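Here's a quick walk through the model in front of you. Pull it up in your viewer and follow along.

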Amino acid sequence: MQFMKPNLLSATCGLLLITASVSAGMIELKTDIPPAEISGTPVPINLTNLEPLQQTAPTLKVPEGTVLLSADKPVTSSDDWPLIGDVEYLTDGDKETGEGYYVELIPGLQWVQIDLEQEATIEAIWLWHYHAQQRAYHDVVVQLSNDPEFAADVTTVFNNDFDNSAGFGVGPDLPYIETNYGKLIDVKSVSARYVRFYANGSTSNDANHYIEAEVWGVPAN
């Protein structure tokens, strides 16, 4: 019996074709990263199970055709009278940390909400709370819905509430330290029009802060 020598070229080509088919149509998501501007006296972060400190910009592959959906879109919040700034800062494209770039909401569990003005397939969310001081925000929950009241049709895409104090169940995600790189969340193709962000103070103080939230996805048309 004659044995055939394996055709390594054919096998390699087959592997390349499979790899190419898997990665076809995917692109690396990129955004402008603000400069690091650390100020103030650091406050100890007494939390367990913290994510490792983000040292470089996070990366994520998203489908071709993914665009920034949230630029200059309407923003509302549970706090009608923010202590500092305006909720519109959340979608204005500015990611620096000085006054005039962030909004501060009252203590307690509060939310901000972006209306994309049409349903879209959301692929990623990039979030900056406040990065001029290393801190971790409590009960960070990100939800998507086609219902502006979030009473139905709700999908939770991030939840680091470890004790269910926010009332959405114990989350699988870890608390993380704020940096100028922000928090990049892989949404994985969820169809929704509204995006809501919860927080409940931080390891520095009881207030809630937001600098920018980018919602990336594919428009419905």
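## Enclosed space

This is a predicted model, and a search through the whole of it turns up 1 cavity of 30 Å³ or more. How much space lies in the largest cavity? About 60 Å³.

The residues lining the largest cavity are E51, P52, L53, Q54, Y176, I177, T179, G182 and K183. Sort that lining by character and you get 4 nonpolar, 3 polar and 2 charged residues.

## Strand 11 and its partners

Now look at strand 11, which runs over residues 212-219. Buried or exposed, what are most of its residues? Mostly they're covered, with 6 of the 8 buried.

Strand 11 has an antiparallel pairing with strand 6 (residues 110-128), built on 8 bridges. Within strand 11, V215 is the residue standing opposite I125. Strand 3 (residues 67-68) also pairs with strand 11 in the antiparallel sense, this time over 2 bridges. Here L68 has W216 of strand 11 as its bridge partner.

## Salt bridges

How many salt bridges does the structure hold? The count is 5. One of them joins K95 to E214, with the closest N and O atoms 2.7 Å apart. That pair ties together distant parts of the chain: K95 sits in the loop between strand 4 (75-77) and strand 5 (103-105), E214 belongs to strand 11, and 119 residues separate them. Both ends are out of the way: K95 counts as buried at 7% relative accessibility, and E214 does too, at 4%. With the cut-off for buried set at under 20%, that's why K95 gets the label at 7% and E214 gets it at 4%.

R193 and D115 make another salt bridge, with their side chains meeting at 2.7 Å, N to O. This is again a link between distant parts of the chain, R193 being in strand 9 and D115 in strand 6, 78 residues apart. The two ends get different labels: R193 is partly exposed at 27% relative accessibility, while D115 is buried at 16%. Then there's D186 with K188, where the closest N and O atoms are 3.1 Å apart. D186 is partly exposed, at 33% relative accessibility, and K188 is exposed, with a relative accessible area of 60%. If you're wondering what brings such partners together, side chains of opposite charge can pair when their charged atoms come close.

## Two residues with positive phi

A couple of backbone angles are worth a click. D139 isn't a glycine, yet its phi is positive, at about 50 degrees. Where is D139 found? Look in the loop between strand 6 and strand 7 (141-145). D139 is buried, with a relative accessible area of 6%.

S189 also has a positive phi, about 65 degrees, without being a glycine. Its place is in strand 9 (residues 183-199), the strand that also carries R193. Unlike the buried D139, S189 is partly exposed, with a relative accessible area of 44%.

Conventions: Residues are numbered from 1 along each chain as its sequence is written. This is a predicted model: local features need pLDDT of at least 70, side-chain atom pairs count only at pLDDT 80 or more; totals for chains, interfaces and linings use all residues. Side-chain values use heavy atoms; hydrogens and water are left out. Buried means under 20% relative accessible area, exposed over 50%, partly exposed in between (1.4 Å probe, protein chains only). Helices (H or I, at least four residues) and strands (E, at least two) are DSSP runs, numbered from the N terminus. Two strands pair if DSSP finds at least two bridges between them. A salt bridge is a side-chain nitrogen of Lys or Arg within 4 Å of a carboxyl oxygen of Asp or Glu. On a 1 Å grid over the protein atoms alone, a cavity is a set of points where a 1.4 Å probe fits but cannot get out, and a pocket is an open set with protein on both sides within 12 Å along at least five of seven lines; lining residues have an atom within 4 Å of a point. Grid points are joined across faces, edges and corners, and a volume is the space filled by probe spheres set on the points. Ala, Val, Leu, Ile, Met, Phe, Trp, Tyr, Cys and Pro count as nonpolar, Asp, Glu, Lys and Arg as charged, and the others, Gly among them, as polar.
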